[in-house]
Amino acid sequence: MTKHAVTYEHIHTCKQTGARHGIVHTPHGSFETPVFMPVGTQATVKTMAPEQVKAMGANIILSNTYHLWIRPGHEVVKQAGGLHKFMNWDGAILTDSGGFQVFSLADLRNIQEEGVHFRNHLNGDKLFLSPEKAMEIQNALGSDIMMAFDECPPFPATYEYMKKSVERTSRWAERCLAAHERPEDQALFGIIQGGEYEDLRRQSAADLVSLDFPGYAVGGLSVGEPKDVMYRALEFTTPFMPENKPRYLMGVGSPDALIEGSIRGIDMFDCVLPTRIARNGTLMTSKGRVTIKHAKHKTDFGPIDEKCDCYTCKNYSRAYVHHLIRADEMFGLHLCSTHNLHFLVNLMSQVRQAIREDRLLDFKEEFFEEYGYNKP
Ligand SMILES: CNc1nc2cc3c(=O)[nH]c(N)nc3c(CC[C@H]3O[C@@H](OC)[C@H](OC)[C@@H]3OC)c2[nH]1
Ligand SMILES: [Zn+2]
């Protein structure tokens, strides 16, 4: 039995749902779950200093293999002493394998058994990414959690395409394991595929669980499918994922999806939403979304969210943030990102408390009502 770098400690399962409260232990500290992980694709959580990300309660962030491979190059990060040192972050880091970016960003790609040929989306150079290459890059980055190299098929995909893709992703997962240099320092998570097809999800889960990864992701979702398709896919996938290992739903999500995913037994989430919508001044608040550029905020001298205790809400008014975003001032992006990240990190803290109190369904109803999800 390999001594894994990452372990999962179960604390409590909510009596109203399948949601679990747990702790994930990594070589760079622990984090409680369910957890929202801020995305720092290019070795920075956009506009945020690492101290500020840590201060809001985030203990794990994400970065991206594909992006760091093509710029500045994984060898540069390795020479810097690894990603933690390079970006001055001493918490846990999870890196994606680059599989998704190759299928979503790069063009002229050609998927073969040995890997994927494609062009660099920045300069058009020909590139080749394989399970072995994705492992070499993540080993160089030194992330605490590495993701297996997989294919994330588009939605919708035919059953025939999905079946072939799942079988190849399982073969690629074995190649990743074989290429994994230091399982005692870096944990490799398998990624379950299969789209909306229950039997393929079960096959993918069985293939990967038999390889004894320290954690598992549900991939192939949040790629344009309706939310009820995503939720149903979770309902027939999580029961086949080990209870004593972390479960990570990739690319999710919005406040409702974070709650619905937690109810269905997911422990880890990531999404670019909070920093991406912050860039056009869209804010998540306890009363739903606020578009701060709107004229009605021009002389509103209250905080963005009365219930929020983040740096932005404690020190600045809606009118001031309205002005900064209207004036294209970069500090406005920082204030909006700070608030949105804090909002999701805080939401997950409330979810964990509701799990401990066996009332996550009640919490969901209360939150949905106040956020405005029930409005027609
Ligand atoms: C948005 N919806 C969404 N569905 C996804 C599904 C998959 C998947 O099946 N396999 C893999 N390997 N990655 C996926 C990803 C990318 C997440 C990464 O993409 C980057 O955010 C854009 C970020 O990189 C810091 C993150 O790192 C884990 C997905 N994203
Ligand atoms: Zn706030």
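Asp-212 is partly exposed, because its relative accessible area is 27%, a class that falls between buried (under 20% relative accessible area) and exposed (over 50%), computed with a 1.4 Å probe on the protein chains only. This residue belongs to the loop between α8 (198–209) and β12 (215–218), where helices (H or I, at least four residues) and strands (E, at least two) are DSSP runs numbered from the N terminus. Its phi is near 55 degrees, a positive value in a residue other than glycine. The model is a predicted one, in which local features need pLDDT of at least 70 and side-chain atom pairs count only at pLDDT 80 or more, whereas totals for chains, interfaces and linings use all residues. Residues are numbered from 1 along each chain as its sequence is written, chains are lettered from A and ligands numbered from 1 in the order in which they are written, and side-chain values use heavy atoms, with hydrogens and water left out.

A positive phi also occurs at Asp-328, which is not a glycine and has a value of about 60 degrees. Asp-328 is located in the loop between α13 (318–326) and α14 (330–356), and it counts as exposed because its relative accessible area is 71%. Two peptide bonds that precede proline are cis: the bond from Thr-33 to Pro-34 has omega near 0 degrees, and the bond from Phe-155 to Pro-156 has omega near -5 degrees. Pro-34 sits in the loop between β3 (29–33) and β4 (35–37), while Pro-156 is placed in the loop between β10 (145–147) and α7 (159–179). As background to these backbone features, most residues other than glycine have a negative phi, and most peptide bonds are trans.

The zinc ion (ligand 2) is coordinated at 2.1 to 2.3 Å by Cys-308 (SG), Cys-310 (SG), Cys-313 (SG) and His-339 (ND1); donors are here N, O and S atoms within 2.8 Å of the metal (3.2 Å for Na, K and Ca), and since water is not among the atoms, sites may look incomplete. The angles among the four donor atoms run from 103 to 118 degrees, and the site is tetrahedral, a label given to four donors if all angles lie between 85 and 135 degrees. Along the sequence, the donor residues follow the spacing C-x1-C-x2-C-x25-H. Because Cys-313 lies in helix α12 (residues 311–315) and His-339 in helix α14, the pair ties together parts that are 26 residues apart in sequence.

Both Cys-313 and His-339 are buried, and for His-339 this classification follows because its relative accessibility is 0%. With residues up to four places away in sequence left out, the contacts of His-339 (heavy atoms within 4.5 Å) include Leu-283, Met-284, Thr-285, Ile-304 and Asp-305, as well as the donor residues Cys-308, Cys-310 and Cys-313.

The largest nonpolar core comprises 75 residues, and those with the most contacts inside it are Leu-347 and Leu-360; such a core is a set of buried Ala, Val, Leu, Ile, Met, Phe, Trp, Tyr and Cys residues joined through side-chain atoms within 4.5 Å. Helix α14 gives the largest share of this core, with nine residues. Leu-347 touches Pro-255, Leu-258, Ile-259, Phe-363 and Phe-367, when residues up to four places away in sequence are not counted. A second, separate core has 21 residues, among them Ala-5, Val-6, Phe-31 and Met-37.

Ala-5 and Val-6 are also touched by Pro-27, as are Asp-144 and Asp-185, again not counting residues up to four places away in sequence. Pro-27 lies in the loop between β2 (20–26) and β3 and is partly exposed, because its relative accessible area is 45%. Although Pro-27 and Ser-143 are 116 residues apart in sequence, their C-alpha atoms are 9.6 Å apart in space.

For the protein as a whole, the secondary structure amounts to 15 helices and 16 strands, and buried residues make up 57% of the 376 residues. Among contacts with a separation of 6 or more, 65% are between residues 24 or more positions apart. The radius of gyration is 20 Å, which agrees with the value near 21 Å for a compact globule of 376 residues, where the radius is taken over C-alpha atoms and the globule rule is 2.2 Å times the number of residues to the power 0.38.

Definitions and conventions:
Tetrahedral: all angles 85-135°; square planar, octahedral: opposite > 155°, others 65-115°.
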